Amino acid sequence: MRAIISIGSNLGDLEENLRTALRHLRLLSITPLKTSSVWRTAPIGFDHAVPEFCNAVVIIESDLEAEVLLEKLQAIEQIIGRPRYSGGGYSSRVIDLDIIDFGGQNFVSSKLILPHPRAHLRNFVLSPLKEVVPTFRFLHRPESLEELIEKAAAETVRKTSRLTL
C-alpha cells in the first residue's frame, strides 16, 4: 500500500533529523523511498515564538496496516527524540511523522484519521506533495493540489535542498 508521510522538524539539526527519519522509514518500505525536497516554513498555530520548520514528504510502499504503520512512526519519533505529550496544542519537535494518505483509503479510528484531516490546508504538506505526486487528489476533495496551494497561500514555504540519505 502506498503511504504518503509528512516529516517535519524545528529543533536541533533540522535536515539531519529528516535524514535520520528517512533511514528508519527505509526499513518500513518494500520499495525505494520517493522523497521531496526540504521545504522551510515559519511556524503556524503557535502562541509563542519558535524556530522555523523543515518539512518534506516521503512516499513508502508498505505491507503494514495503517494503524500498525502509525505505531511504527510513533516509535521512530521516540527513537529520534520526540517525547509524547498528553496535552493538546502545538509544540516544537525534533521530528514529526504524519500519515497524510494511505492508499487513498478513508479510515477513522480512535488513533488515526485518513486522509489526514488538515493536510489539505497546509502548504508545508501540499508543496512537497505536489513535487513527488503532482496529480494527487485528496479523497472527498475536488480541488487539485495547485488549487489547494492557492487557497492556503497565507503560509509561505520555500524549497531548499533535495532530501537524500
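**Figure 1. Glu-143 and its salt bridge to Arg-141 in the predicted model.** Glu-143 has a relative accessible area of 9% and is therefore buried, the limit for this class being under 20%. In this predicted model, the side chain of Glu-143 meets that of Arg-141 in a salt bridge, with an N to O distance of 3.0 Å. Arg-141 has a relative accessible area of 29% and is partly exposed. The bridge thus joins a buried residue, Glu-143, to a partly exposed one, Arg-141.

**Figure 2. The salt bridge between Arg-82 and Glu-77.** The closest N and O atoms of Arg-82 and Glu-77 are 3.2 Å apart. Both Arg-82 and Glu-77 are buried. Side chains of opposite charge can pair when their charged atoms come close. The structure holds 13 salt bridges, including the one between Arg-82 and Glu-77.

**Figure 3. Arg-158 and Glu-52 in a network of salt bridges.** The side chains of Arg-158 and Glu-52 form a salt bridge with an N to O distance of 3.3 Å. This pair links distant parts of the chain, its members being 106 residues apart. Arg-158 belongs to strand 8 (residues 157-162), whereas Glu-52 is in the loop between strand 3 (37-41) and strand 4. Arg-158 is partly exposed at 43% relative accessibility. Glu-52, with a relative accessible area of 26%, is also partly exposed. Salt bridges link Arg-158 and Glu-52 into a network with Glu-15 and Arg-40.

**Figure 4. Surroundings of Ser-62 in the loop between strand 4 and helix 2.** The loop that holds Ser-62 runs between strand 4 (53-61) and helix 2 (66-80). Ser-62 has a relative accessible area of 2%, so the residue counts as buried. Leaving aside residues up to four places away in sequence, Ser-62 touches Met-1, Leu-28 and Ile-30. The C-alpha atom of Ser-62 is separated by 8.1 Å from that of Thr-31, a residue 31 places away along the chain. A polar atom of the Ser-62 side chain lies 3.0 Å from the backbone nitrogen of Leu-64.

**Figure 5. The crossing of helix 1 and helix 2.** The axes of helix 1 (residues 14-28) and helix 2 come within 10 Å and cross at roughly 145°. The crossing is right-handed. On helix 1, the contact is made by Asn-17, Thr-20, Ala-21, His-24, Leu-25 and Leu-28. Helix 2 contributes Leu-69, Lys-72, Leu-73, Ile-76, Ile-79 and Ile-80. Among the helix 1 residues in this contact is Leu-28, which also touches Ser-62.

**Figure 6. The aromatic pair of Phe-136 and Phe-138.** The structure has one aromatic pair. The ring centres of Phe-136 and Phe-138 are 4.9 Å apart and the ring planes stand at 85°, so the arrangement is edge-to-face. The cut-off for this class is an angle over 60 degrees. Phe-136 is buried, at 5% relative accessibility. Phe-138 is likewise buried, at 5% relative accessibility.

**Figure 7. Helix 3 and its buried residues.** Helix 3 covers residues 123-132. Eight of its 10 residues are buried, so helix 3 is largely enclosed by the rest of the structure. The buried residues of helix 3 are Asn-123, Phe-124, Val-125, Leu-126, Ser-127, Pro-128, Leu-129 and Val-132.

Methods: Residues numbered from 1 in each chain as written. Predicted model: local features only at pLDDT ≥ 70, side-chain atom pairs only at ≥ 80, totals over all residues. Heavy atoms only, no water. Helix = DSSP H or I, 4+ residues; strand = E, 2+ residues; numbered from the N terminus. Buried < 20%, exposed > 50% of the residue type's maximum accessible area, 1.4 Å probe, protein only. Contact = heavy atoms within 4.5 Å. Polar contact = N/O pair within 3.5 Å; in protein donor to acceptor, adjacent residues only side chain to side chain. Salt bridge = Lys/Arg side-chain N within 4 Å of Asp/Glu carboxyl O. Phe/Tyr/Trp six-rings, centres within 6.5 Å; stacked < 30°, edge-to-face > 60°. Axes fitted to C-alpha atoms, helices over the stretch in contact; angles between N-to-C directions. Left-handed = near helix turned anticlockwise from the far one by under 90°.
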